[in-house]
Amino acid sequence: MPLSLLYGAVIGLRSVLYRLGLRHVTRVDVPVVVVGNLTVGGTGKTPLVAWLSQHLAACGMRVAIVSRGYGGRARGVNRVTVHSRASEVGDEPLLLARRSQATVFIGKDRVAAAQAAVADRADIVICDDGLQHLALKRDCEIVVIDGQRGFGNGWLLPRGPLRELPRRLRRVNAVVVNGALTRPGFQLPRFVADTRFQMNLRPGDAWPVRGGAGLRSLSSFRGAGVHAVAAIGNPQRFFDMLRNAGLTIYEHAMPDHHAFKPGDLNFGDSLPVLMTEKDAVKCAAFADERCWFVPVTAEFSEAESRGLVDVVLARVHAHLTSGKS
């Protein structure tokens with residue numbers, strides 16, 4: 001508890017210093033959208049970033065995605081391609097390079113990575129995470145909340161999962177809830193009613209991890225059990241998704257961003273192994289025919305899809321017409 005209180009004081013002071021202009025904020029020449037969260041662990045940011053990049057590209061924009069590249073060994077600012085290695089650039093950036101209609105840049109220095117994207121002629125930059133990276137001026141902030149876990153016990157780090165207090169949501173442009181609010185006793189603050197959007201993740205057919213043709217529907221795995229492997233922030237969401245598809249699964253949860261080794265996928269039998277797409281990019285080099293990944297796609301109702309894109313486009317327009325956010 002004392003460490004949580006100290007952490008809260010430090011981040012509060014840091015925020016005030018940035019807002020008063022006592023710490024430098026860098027503005028790049030194109031609109032910047034930050035997709036982040038208030039808690040540690042996965043909330044569904046990456047599928048939302050892929051969804052948003054596709055919709056903005058459909059509006060005629062050249063989209064660039066900036067990510068920290070967590071878990072990768074690369075230093076400085078690097079461009080991620082479909083041929084990059086997860087061990088170098090991180091699993092989420094590689095997934096986004098393969099799934100999104102955008103160029104992807106990684107770098108611990110978000111400002112330098114955003115500047116590289118602008119130099120590459122991007123029309124708009126989407127930051128995958130980085131809500132707390134205040135040195136980069138942003139035009140639009142979107143916070144994703146996991147409906148299963150909410151704000152945990154409501155405490156800041158390290159006693160709880162919160163990076164910032166829920167009142168931070170007053171200053172964001174959109175709050176996206178991933179899945180139904182199922183955590184007992186959890187309710188969103190009333191002041192987010194006008195900025196809230198509902199997102200669900202829809203699973204697709206399973207793909208062979210080592211590549212090639214031969215997609216399989218999830219229903220084809222019913223009957224005999226399957227091993228379900230997940231090294232994401234909330235493995236239970238993946239396991240629940242497979243169970244809801246009628247599968248009998250044996251759970252294998254691993255730490256987020258786990259660096260897989262061949263032995264991690266050997267369970268002493270010949271049952272199929274299903275994993276997330278994020279994990280598959282790290283296992284393609286040694287996966288065998290038992291291994292499949294299940295991609296997920298962010299979905300909104302038609303009205304909320306239009307509404308969320310309109311929120312972003314309004315902030316883009318504000319950037320272009322006034323040069324201020």
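In this predicted model, the buried residues of helix α4 are Asp91, Glu92, Pro93, Leu94, Leu95, Leu96 and Ala97. Put as a tally, that is 7 of the 9 residues of α4, so the helix counts as mostly covered. Part of that cover comes into view on looking at what α4 touches. On the sheet side, α4 lies across β2 (63-67), β3, β4 (103-106), β5 and β14. Its direction relative to β4 is about 165 degrees.

The helix also has a helical neighbour. Helix α2 (residues 45-58) packs against α4 (residues 91-99) at an angle of about 30 degrees, and the two axes are 10 Å apart. With the limit for that label set at 35 degrees, α2 and α4 are therefore roughly parallel to each other. The crossing of the pair is right-handed. On the α2 side, the residues in contact are Thr46, Val49, Ala50 and Gln54, and they meet Glu92, Leu95, Leu96 and Arg99 of α4. Sorted by class, this contact is made up of 4 nonpolar, 2 polar and 2 charged residues. Glu92, Leu95 and Leu96 turn up both in this contact and in the list of buried α4 residues.

Now for the sheet itself. It is open, has 9 strands with mixed pairing, and follows the order β3-β4-β2-β5-β1-β6-β7-β8-β14. Its edges are β3 (78-80) and β14 (296-299), each of which pairs on one side only. On average, and ignoring direction, neighbouring strands are turned by 25 degrees against each other.

Strand β2 sits between β4 and β5 in that order. Towards β5, the pairing is parallel and runs over 5 bridges, with Val125 of β5 as the bridge partner of Ala64. Towards β4, the strands again run parallel, joined by 4 bridges, and here Ser67 has Ile106 of β4 as its bridge partner. How much of β2 is buried? The count is 5 of 5 residues, so β2 is largely enclosed by the rest of the structure. Both of its faces are covered: Val63, Ile65 and Ser67 are buried on one side, and Ala64 and Val66 on the other.

On from β5, the next strand in the order is β1. Strand β1 (residues 32-36) pairs with β5 (residues 124-128) in the parallel sense over 4 bridges, and Val33 stands opposite Ile126 of β5.

The loop between β1 and α2 holds Leu38. Is this residue buried or exposed? Its relative accessible area is 2%, and with the cut-off for burial at under 20%, Leu38 is buried. Leaving aside residues up to four places away in sequence, Leu38 touches Leu131, Val143, Phe151, Pro161, Leu162, Arg163, Glu164, Leu165, Pro166, Arg168 and Leu169. One of these contacts, Pro166, is 128 residues from Leu38 in sequence, yet the two C-alpha atoms are 7.4 Å apart in space.

Further along the chain comes helix α6 (residues 235-244), whose buried residues are Pro235, Arg237, Phe238, Phe239, Met241 and Leu242. Some background on helices helps in reading such a list: an α-helix has 3.6 residues a turn, so residues three or four places apart point the same way. Just after α6, Gly246 takes a positive phi of about 90 degrees.

Definitions and conventions
Residues are numbered from 1 along each chain as its sequence is written. This is a predicted model: local features need pLDDT of at least 70, side-chain atom pairs count only at pLDDT 80 or more; totals for chains, interfaces and linings use all residues. Side-chain values use heavy atoms; hydrogens and water are left out. Axes are lines fitted to C-alpha atoms, for helices over the stretch in contact, and angles run from 0 to 180 degrees between N-to-C directions. Helices (H or I, at least four residues) and strands (E, at least two) are DSSP runs, numbered from the N terminus. Angles under 35 degrees count as roughly parallel, over 145 as roughly antiparallel, 65 to 115 as roughly perpendicular and the rest as oblique. A crossing is left-handed if the near helix is turned anticlockwise from the far one by less than a right angle, and right-handed if clockwise. Contact means heavy atoms within 4.5 Å. Ala, Val, Leu, Ile, Met, Phe, Trp, Tyr, Cys and Pro count as nonpolar, Asp, Glu, Lys and Arg as charged, and the others, Gly among them, as polar. Two strands pair if DSSP finds at least two bridges between them. Buried means under 20% relative accessible area, exposed over 50%, partly exposed in between (1.4 Å probe, protein chains only).
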